[in-house]
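Notebook open, coffee poured. Today I wanted to look up a few helix contacts, some odd backbone angles and the aromatic rings.

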Amino acid sequence: MILALESGFESRCQVFLHTQGAADVAHDLSHIYRVVKTAKQLATEEEADLAVVIPAAWLHDCVSLPKNHPERHLASTLAADKAIEFLKSIDYPCEYFESIHHSIRAHSFSANVSLKSLEAKIVQDADRLDALGAVGIARCMQVSGALNRTLYSLDDPLCEMRQPDDERYSIDHFYNKLFRIADSLNTPSAQAEGRRREAVMRVFLQQLALEI
């Protein structure tokens with residue numbers, strides 16, 4: 001049996017991740033758990049190799065830099081390198097290393113790496129789906145609070161007459177980035193889930209508009 005499918009592998013990953021720390025509140029262990037869960041679901045639906053998808057999902061953020069860090073674009077490459085070091089230390093089958101490294105390196109928005117495998121597409125999709133839906137709303141607010149962004153513009157809260165400015169306003173991040181995610185997803189399974197989660201976010205904005 002492949003080590004990733006054995007019961008002890010995921011607990012080893014958890015122990016390892018506990019030693020690494022999180023770059024920000026939106027990239028904590030709960031984010032990892034959700035990405036792993038989603039990645040497994042997508043891999044099953046799309047018939048991808050779990051021996052690549054599971055370790056890549058667990059370790060995709062083992063190095064994570066804050067969103068405003070000047071070397072943010074290097075984080076996924078650093079994570080991929082550290083992931084392989086960890087997998088070597090637990091004698092993970094080396095024939096999967098190249099695919100796992102690529103899947104981790106390519107998952108990031110800022111890295112801008114072309115996807116070369118179904119497994120890489122699934123890891124990226126699982127990570128991006130976590131920015132949508134109810135969890136996506138909560139994570140956006142967490143990061144925005146840490147960066148001292150105002151919740152919305154008093155003059156035009158929902159960007160109806162102006163360009164979004166998510167350096168200043170939390171809600172603007174929906175329009176600048178989050179509402180573009182569903183169209184960027186790679187696999188049919190992720191695209192369907194992305195549309196469902198985006199709909200939740202649009203209902204949230206409708207309710208926000210009524211309340212303000």
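**Entry 1: an odd phi after α2.** I'm working from a predicted model. I started in the loop between α2 and α3 (50–59), where Glu47 sits. Glu47 has a positive phi of about 60°, and it is not a glycine. I noted this since most residues other than glycine have a negative phi. Is Glu47 buried or exposed? Glu47 is exposed, at a relative accessible area of 72%.

**Entry 2: a second odd phi.** Cys159 also isn't a glycine, yet has a positive phi of about 55°. I found Cys159 in the loop between α7 (133–146) and α8 (172–176). Unlike Glu47, which is exposed, Cys159 is buried, with a relative accessible area of 13%.

**Entry 3: α2 on α10.** Next I went to helix pairs, which are described by the angle between their axes and the distance between the axes. For α2 (residues 29–46) and α10 (residues 188–211), the axes come within 9 Å and cross at roughly 135°. That makes the two helices oblique, since roughly antiparallel would need an angle over 145 degrees. Which residues of α2 meet α10? I listed Thr38, Leu42, Glu45 and Glu46, and their partners in α10 are Pro188, Ser189, Ala190 and Arg197. By class, this contact has three nonpolar, two polar and three charged residues.

**Entry 4: α4 on α5.** Here the axes of α4 (residues 75–89) and α5 (residues 97–105) come within 8 Å, crossing at roughly 150°. This pair is therefore roughly antiparallel. I logged the crossing as right-handed. From α4, the contact takes in Ser76, Thr77, Ala79, Ala80, Asp81, Ala83, Ile84, Leu87 and Lys88. The α5 side gives Phe97, Ile100, His101, Ile104 and Arg105. Sorting the residues of this contact, I get eight nonpolar, three polar and three charged.

**Entry 5: aromatic rings.** How many aromatic pairs turn up in a search of the whole structure? The search finds seven. I wrote down two of them. Tyr92 and Tyr96 have ring centres 6.1 Å apart and planes at 65°, so I call the pair edge-to-face. Both of these tyrosines, Tyr92 and Tyr96, are buried. Tyr175 and Phe179 are edge-to-face too, because their planes stand at 85°, with the centres 5.6 Å apart. In that pair, Tyr175 is partly exposed at a relative accessible area of 24%, whereas Phe179 is buried at 10%. Last note for the day: Tyr175 and Phe179 belong to one aromatic cluster together with Phe174 and Phe204.

Technical notes: Residues numbered from 1 in each chain as written. Predicted model: local features only at pLDDT ≥ 70, side-chain atom pairs only at ≥ 80, totals over all residues. Heavy atoms only, no water. Axes fitted to C-alpha atoms, helices over the stretch in contact; angles between N-to-C directions. Helix = DSSP H or I, 4+ residues; strand = E, 2+ residues; numbered from the N terminus. Parallel < 35°, antiparallel > 145°, perpendicular 65-115°, else oblique. Contact = heavy atoms within 4.5 Å. Nonpolar A, V, L, I, M, F, W, Y, C, P; charged D, E, K, R; others polar. Buried < 20%, exposed > 50% of the residue type's maximum accessible area, 1.4 Å probe, protein only. Left-handed = near helix turned anticlockwise from the far one by under 90°. Phe/Tyr/Trp six-rings, centres within 6.5 Å; stacked < 30°, edge-to-face > 60°.
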